[in-house]
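Here's a quick walk through a protein chain you may not have met before. Have a look at the picture, then follow the notes below.

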Amino acid sequence: MYLLKRARRNDGSIIGDVIPLVQLRALVDLVPRFGKAASRQLTKETVLVYSSEFWLNKYFEKELFFALKHM
């Protein structure tokens with residue numbers, strides 16, 4: 001799986017923007033990278049806020065797997 005890291009500015013704020021729906025190509029499955037132990041503050045509602053690293057699950061669907069396999 002590929003490791004994705006949240007981009008931040010020098011002051012610690014998150015780099016990001018709103019993406020128009022017409023630019024989306026496919027759904028992906030992101031799995032938080034917990035490390036040795038998961039924090040108790042992580043829930044399904046807060047995991048995207050408090051996590052800074054995610055695994056891209058390339059096995060989520062076969063079309064994505066085959067597209068990423070040749071990279």
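**A salt bridge to start with**

Let's begin with a pair of side chains: E53 and R33 meet in a salt bridge, with 2.5 Å from N to O. That pair links distant parts of the chain, since E53 sits in strand 3 and R33 in the loop between strand 2 and helix 1 (47-50), 20 residues apart. Keep in mind that this is a predicted model.

**The rest of the salt bridges**

- How many salt bridges does a search of the whole structure find? The search turns up two.
- Besides R33, E53 also has K5 as a partner: the side chains of E53 and K5 meet in a salt bridge at 3.9 Å, N to O.
- Because E53 lies in strand 3 and K5 in strand 1, this pair ties together parts that are 48 residues apart in sequence.
- Put together, K5, R33 and E53 are linked in a network of salt bridges.
- As a bit of background, side chains of opposite charge can pair when their charged atoms come close.
- Is K5 buried or exposed? K5 has a relative accessibility of 59%, so it counts as exposed.
- R33, with a relative accessible area of 40%, is partly exposed.

**The sheet**

- Three strands make up an open sheet, in the order 1-3-2, and the pairing is antiparallel.
- The edges of that sheet are strand 1 and strand 2, each of which pairs on one side only.
- On average, neighbouring strands of this sheet are turned by 35° against each other, if you ignore direction.
- Strand 1 (residues 2-5) and strand 3 run antiparallel and are joined by four bridges.
- Who sits across from whom here? Y2 has L56 of strand 3 as its bridge partner, and L4 stands opposite F54 in strand 3.
- On the other side of the pairing, strand 2 (residues 30-32) and strand 3 are antiparallel too, with three bridges between them.
- One pair to look for is V31, which stands opposite W55 in strand 3.
- In general, strands of a sheet pair through backbone hydrogen bonds, either parallel or antiparallel.

**Two faces of strand 3**

- Which side chains of strand 3 (residues 53-56) are buried? Those of F54 and L56 are, and they point to one face.
- E53 and W55 point to the other face and are not buried.
- This fits a broader pattern: in a regular strand the side chains alternate between the two faces of the sheet.
- W55, a residue of strand 3, has a relative accessibility of 29%, so it counts as partly exposed.
- The C-alpha atoms of W55 and K5 are separated by 8.9 Å, while the two residues are 50 apart along the chain.

**Out on the surface**

- Y2, L4, V28 and L30 form a nonpolar patch on the surface, and together they have about 310 Å² of accessible area.
- From that patch, take L4, which is found in strand 1: its relative accessible area is 36%, so L4 is partly exposed.
- For a loop residue, try I14, placed between strand 1 and strand 2.
- I14 has 40% relative accessibility and so counts as partly exposed.
- The C-alpha atoms of I14 and A38 are separated by 22 Å, and these residues are 24 apart along the chain.

**How confident is the prediction?**

- The protein chain has a mean pLDDT of 82, and 96% of its residues reach 70 or more.
- Which element of the protein chain has the lowest mean pLDDT, and which the highest? Helix 2 (residues 62-69) has the lowest, at 71, and strand 1 has the highest, at 90.

Conventions
Residues are numbered from 1 along each chain as its sequence is written. This is a predicted model: local features need pLDDT of at least 70, side-chain atom pairs count only at pLDDT 80 or more; totals for chains, interfaces and linings use all residues. Side-chain values use heavy atoms; hydrogens and water are left out. Buried means under 20% relative accessible area, exposed over 50%, partly exposed in between (1.4 Å probe, protein chains only). Two strands pair if DSSP finds at least two bridges between them. Axes are lines fitted to C-alpha atoms, for helices over the stretch in contact, and angles run from 0 to 180 degrees between N-to-C directions. Patches are made of residues with over 30% relative accessible area and no salt bridge: like charges are joined within 9 Å, nonpolar side chains (Val, Leu, Ile, Met, Phe, Trp, Tyr) within 5 Å. Accessible areas come from the Shrake-Rupley method with a 1.4 Å probe; for residues, only the protein chains shown count as cover. A salt bridge is a side-chain nitrogen of Lys or Arg within 4 Å of a carboxyl oxygen of Asp or Glu. pLDDT is the predictor's confidence in each residue, from 0 to 100.
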